[in-house]
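Me: Take a close look at the part at the N-terminal end of this one for me, and then work outwards from there. I'd like the side chains and their partners rather than a general tour.

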Amino acid sequence: MITKEEEQLITNGDNAEVLLGTEVFNQMINLAVDTAFTNFMNTKMEDKDYRERQFYSYRAVADLVNSLKQAVSVRDEINAKNLKDNNSQEEE
């Protein structure tokens, strides 16, 4: 039996997967990563604050993508659990 919370997590995972599969989203993520990396690499040694901001910009983008991937993984785990539970009930 799927709970309301599981339904929401499944919906979140479905939406995250769609977003991760969208070409424009991936282009924008890649642009953000490339920009942060380029800015990071082009800083002068004494410009530590700017370099740190670029690093944290990169980390924010990476964390966003990882959160979306985690939502897909949670959805897959819930679906697998529910499939196993349904198969067990049918066998009884």
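Reply: One bit of bookkeeping before the residues: helices here are DSSP runs of H or I with at least four residues, numbered from the N terminus. Also keep in mind that this is a predicted model.

So let's start with Glu-6, which sits in helix 1. With a relative accessible area of 13%, Glu-6 is buried, because buried means under 20%. What does its side chain reach? The backbone nitrogen of Thr-3, at 3.0 Å. Leaving out residues up to four places away in sequence, Glu-6 touches Met-1, Ile-78, Lys-81 and Asn-82.

Further along helix 1 come the acidic partners of Arg-75. Arg-75 forms a salt bridge with Asp-14, and the closest N and O atoms are 3.0 Å apart. Arg-75 belongs to helix 3 and Asp-14 to helix 1, so this pair ties together parts that are 61 residues apart in sequence. A second salt bridge runs from Arg-75 to Glu-17, with 2.9 Å between the closest N and O atoms. That pair, too, links distant parts of the chain, since Arg-75 is in helix 3 and Glu-17 in helix 1, 58 residues apart.

How accessible are these three? Arg-75 is buried, at a relative accessible area of 7%. Asp-14 is partly exposed at 34%, and Glu-17 also counts as partly exposed, at 41% relative accessibility. As a general point, side chains of opposite charge can pair when their charged atoms come close.

Those aren't isolated cases: a search of the whole structure finds seven salt bridges. For a pair within one helix, look at Glu-52 and Lys-48, whose closest N and O atoms are 3.7 Å apart. Glu-52 and Lys-48 are four residues apart in helix 3, so about one helical turn separates them. Glu-52 is partly exposed, with a relative accessible area of 34%. Back at the helix 1 end, salt bridges with shared partners join Asp-14, Glu-17, Arg-75 and Asp-76 into one network.

Now for the greasy side of things. Which residues make up the largest nonpolar core? There are eight: Ala-16, Leu-20, Phe-25, Ile-29, Val-61, Val-65, Leu-68 and Val-72. Helix 1 (4-20), helix 2 (23-41) and helix 3 (48-91) each supply at least two residues of this core. Helix 3 gives the most, with four residues. Val-61, one of the core residues, touches Ile-29, Ala-32 and Val-33 once residues up to four places away in sequence are set aside. More generally, in soluble globular proteins nonpolar side chains tend to be buried together.

Not every nonpolar side chain here is tucked away, though: Phe-37 counts as exposed, at 53% relative accessibility. Phe-37 lies in helix 2. Together with Phe-40, Met-41, Phe-55, Tyr-56 and Tyr-58, Phe-37 makes a nonpolar surface patch of about 640 Å². The elements giving two or more residues to that patch are helix 2 and helix 3.

Back to where we began: helix 1 holds the buried Glu-6, contributes at least two residues to the nonpolar core, and pairs with Arg-75 through Asp-14 and Glu-17.

Key: Residues are numbered from 1 along each chain as its sequence is written. This is a predicted model: local features need pLDDT of at least 70, side-chain atom pairs count only at pLDDT 80 or more; totals for chains, interfaces and linings use all residues. Side-chain values use heavy atoms; hydrogens and water are left out. A nonpolar core is a set of buried Ala, Val, Leu, Ile, Met, Phe, Trp, Tyr and Cys residues joined through side-chain atoms within 4.5 Å. Buried means under 20% relative accessible area, exposed over 50%, partly exposed in between (1.4 Å probe, protein chains only). Contact means heavy atoms within 4.5 Å. Patches are made of residues with over 30% relative accessible area and no salt bridge: like charges are joined within 9 Å, nonpolar side chains (Val, Leu, Ile, Met, Phe, Trp, Tyr) within 5 Å. Accessible areas come from the Shrake-Rupley method with a 1.4 Å probe; for residues, only the protein chains shown count as cover. A salt bridge is a side-chain nitrogen of Lys or Arg within 4 Å of a carboxyl oxygen of Asp or Glu. A polar contact is a pair of N or O atoms within 3.5 Å; within protein, one must be able to donate a hydrogen and the other to accept it, and residues adjacent in sequence count only if both atoms are side-chain atoms.
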